[in-house]
Amino acid sequence: MAQLYTDHHFHIGSTHLTSGKPCQDYANSVVYNNAALAIISDGCSTGGHTDIGSRVLALSIMAAFRDHWITNRDALSETVPQEISLRQEIVSAGIRQLLNLQPQDMLATCVYAYISPNGGFVHVQGDGVVIFKYQNGCIEVSRFEWSDNRPFYPAYNEFGLSNFIQAHGDNLNNLRLSEEKWMRKNEEEFIDCGTANFTLSEGIGGIVMDIPEKLLINLEFIAVFSDGITQIDKLDWKSAVQMFTAFKNTKGAFAKRRMIRGIKDTQKIGKGPIDDIACAVVRVELAET
Amino acid sequence: MEAGNIGGMQAFKFSGTRIEHLGATEYTLVTIAIDETRSVFGFEDDLLNSLVTAVEGCKKSPRSDNLLLRVIKFSTAFPNGIEELHGFKPLAEIDPQNDYQRLTPMGTTPLYDAAFSSVGATIAYGEKLMADDFLVNGIVFVITDGLEYPLPPDNPSTATPAMIKEESKKVITGEKLESLITILIGINATTYKDELEAFQADAGIDQYIDAGEVTKGKLAKLADFVSQSVSSQAQEVGTGGPSQNISATI
């Protein structure tokens with residue numbers, strides 16, 4: 001049976017730091033009754049108080065995850081991502097009203113991994129980067145990007161969905177979301193594994209990457225990043241992925257330590273992260289039976 | 001706690017908190033080496049109070065969660081000249097009023113071994129933390145009231161000033177730590193000022209401070225100096241540089 005551990009970290013990018021804006025990325029993670037959630041959220045730079053929106057979104061999903069896991073103990077059914085989204089919408093809509101937040105404050109993307117000891121899934125709501133590291137050293141990286149840098153925000157489900165569809169050509173069958181896939185075996189170079197394209201309709205529903213148990217037991221970790229990982233000064237984004245996930249020791253705050261060190265190292269060659277950056281990791285250990 | 005030794009030398013052991021029990025991402029490693037030889041007889045209680053006050057001062061630092069403290073005593077009365085009161089551990093786990101027992105001055109002075117153990121353990125443990133992505137710097141205080149005694153070549157230490165210097169150099173050449181400050185403090189040792197300054201230079205110790213004759217006031221100032229220096233160095237961890245303006249007088 002898989003034993004799960006998590007860690008997370010987020011950091012302000014140089015653009016927001018110098019312009020006096022807050023960090024609009026957020027990350028969190030938890031192991032709850034043997035199941036794990038690792039989540040990142042990226043607030044829209046041109047939205048409102050999206051530093052708050054990204055937190056509300058992520059924490060709403062965490063609440064939904066706890067609620068779902070404690071009552072269902074099933075992370076593998078096809079309907080789980082939709083169930084989580086529904087619960088999240090209810091929670092975040094309530095919080096938005098309680099805090100008198102405006103719709104534009106809630107514009108944030110979200111990527112989370114919901115993993116149980118028997119498997120789970122990654123749900124991409126908007127954009128970001130997903131990494132699977134296998135125990136044999138192989139790394140698979142997926143970068144999700146929307147056309148015209150106009151990502152889907154889950155908050156659109158409460159308002160503004162028709163405007164979003166219109167902005168993307170008013171055709172739900174248009175291919176507007178891409179998944180750039182790369183793979184790296186041990187010390188070799190990254191290999192381009194092609195690009196998958198998704199329709200506007202699929203993107204709005206969120207992309208689900210299933211992790212059945214037979215895949216989970218071969219994994220060392222699953223990491224989710226905001227798109228800040230692709231915007232590090234003078235560093236190719238795949239090298240950044242490699243650097244920020246080369247955990248030296250997986251005890252304690254392993255992801256936080258690696259990210260802090262990574263940022264420090266990248267600031268020796270340039271400005272470091274240009275955009276805010278967030279990372280959350282679920283680490284898998286196979287328990288002795 | 002886990003045990004280690006310095007440069008594979010079995011005579012120089014130390015202990016430190018296991019990584020999985022460290023909650024912060026950056027630390028300042030603090031070592032205080034206290035002379036417990038027979039020459040401190042008469043002011044051992046004041047010296048202990050000074051240690052207790054210094055540690056309590058460190059606990060009040062805004063960076064206290066980022067400090068790991070090791071305290072050793074040195075005297076030829078101990079096997080290999082060193083007794084570790086405790087290895088590198090968080091201040092929250094230290095209760096100086098109860099943890100530090102009355103000093104019992106006896107034996108002569110293995111000063112070189114004390115300095116070598118202080119510097120070497122800081123570097124060895126710091127290197128381990130750095131390898132695991134922690135950001136680490138260090139500060140070492142060796143507090144003595146006299147010289148290595150008996151004098152060389154019949155001296156009790158295994159280590160030499162050259163070995164201490166070589167160990168300190170590793171910080172710069174091997175990037176083992178972000179920075180390390182080493183301070184030798186002479187208390188009631190004005191008579192040996194020249195010799196202790198010579199040892200400081202030979203061992204590559206950053207500063208020698210003559211705290212003057214022992215009085216309650218001087219020992220209180222010593223405690224204050226230690227805690228302020230620790231606080232200052234702790235502010236610098238993560239910046240890559242050593243702290244500035246550590247007062248060179250007590």
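## Close-up views

**View 1. Leu69(B), Ala115(B) and Ile185(B) touch the most other members of the largest nonpolar core, which has 76 residues.** Helix α3 (residues 111–131) of chain B gives the largest share of this core, with twelve residues. A second core lies apart from it and holds 73 residues, including Leu4(A), Tyr153(A), Ala240(A) and Val282(A). A nonpolar core here is a set of buried Ala, Val, Leu, Ile, Met, Phe, Trp, Tyr and Cys residues joined through C-beta atoms within 7 Å. Buried means that 20 or more other C-beta atoms lie within 10 Å of the residue's own; exposed means 12 or fewer, partly exposed is in between, and the C-beta atoms are placed from the backbone. Keep in mind that this is a predicted model: local features need pLDDT of at least 70 and side-chain atom pairs count only at pLDDT 80 or more, while totals for chains, interfaces and linings use all residues. Residues are numbered from 1 along each chain as its sequence is written, and chains are lettered from A and ligands numbered from 1 in the order in which they are written.

**View 2. Here are the contacts of Leu69(B).** Leaving out residues up to four places away in sequence, Leu69(B) touches Val30(B), Val55(B), Cys58(B), Phe88(B), Lys89(B), Leu91(B) and Ile94(B). Two residues are in contact if their C-beta atoms, placed from the backbone, lie within 7 Å.

**View 3. Chain B as a whole has six helices and eight strands.** Reading from the N terminus, its elements go β-β-β-α-β-β-α-α-β-α-β-α-β-α. The radius of gyration of chain B is 16 Å, close to the 18 Å from the globule rule for 250 residues, so the chain is as compact as a globular protein of that length. That radius is taken over C-alpha atoms, and the rule is 2.2 Å times the number of residues to the power 0.38. Along the principal axes, the C-alpha atoms of chain B fill a box of roughly 45 × 35 × 30 Å. Of the 250 residues in chain B, 51% are buried. Among its contacts between residues at least 6 apart in sequence, 77% join residues at least 24 apart. Helices (H or I, at least four residues) and strands (E, at least two) are DSSP runs, numbered from the N terminus.

**View 4. In chain A, five strands make an open antiparallel sheet in the order β2-β3-β4-β5-β10.** β2 (25–32) and β10 (207–212) of chain A are the edge strands, each with a single partner, so one side of each has no neighbour in the sheet. From one strand to the next, the twist averages 10 degrees. Within the sheet, β4 (residues 108–116) and β5 (residues 119–125) of chain A pair antiparallel over seven bridges, with Gly120(A) in β5(A) as the bridge partner of Ile115(A). Pairing means that DSSP finds at least two bridges between two strands.

**View 5. Two helices of chain A lie across strands of the five-strand sheet.** Helix α2 (residues 50–72) of chain A crosses β2, β3 (35–43) and β4 of chain A, at about 160 degrees to β3(A). Helix α3 (residues 80–98) of chain A lies across β4, β5 and β10 of chain A, at about 55 degrees to β5(A). Axes are lines fitted to C-alpha atoms, for helices over the stretch in contact, and angles run from 0 to 180 degrees between N-to-C directions.

**View 6. Seven strands of chain A form an open sheet with antiparallel pairing, in the order β1-β12-β11-β6-β7-β8-β9.** β1 (2–11) and β9 (191–199) of chain A are its edges, each pairing on one side only. The twist averages 15 degrees from strand to strand. Helix α8 (residues 254–269) of chain A packs on this sheet, touching β1 and β12 (277–286) of chain A, and its direction makes about 35 degrees with that of β1(A).

**View 7. β6 and β7 of chain A form a hairpin with four residues between them.** Gly137(A) in the turn has a positive phi of about 95 degrees. Six bridges join β6 (residues 128–134) and β7 (residues 139–146) of chain A, in the antiparallel sense. Val130(A) has Ser142(A) in β7(A) as its bridge partner, and Ile131(A) stands opposite Val141(A). On to β8 (residues 175–184) of chain A: β7(A) meets this strand antiparallel over eight bridges, and Glu145(A) is opposite Ser178(A) in β8(A).

**View 8. Glu213(A) sits in helix α6 (residues 213–216) of chain A.** With 15 C-beta neighbours inside 10 Å, Glu213(A) counts as partly exposed. Glu213(A) touches Asn118(A) and Gly119(A), not counting residues up to four places away in sequence. Pro117(A) is 96 residues from Glu213(A) in sequence, yet their C-alpha atoms are 7.6 Å apart.
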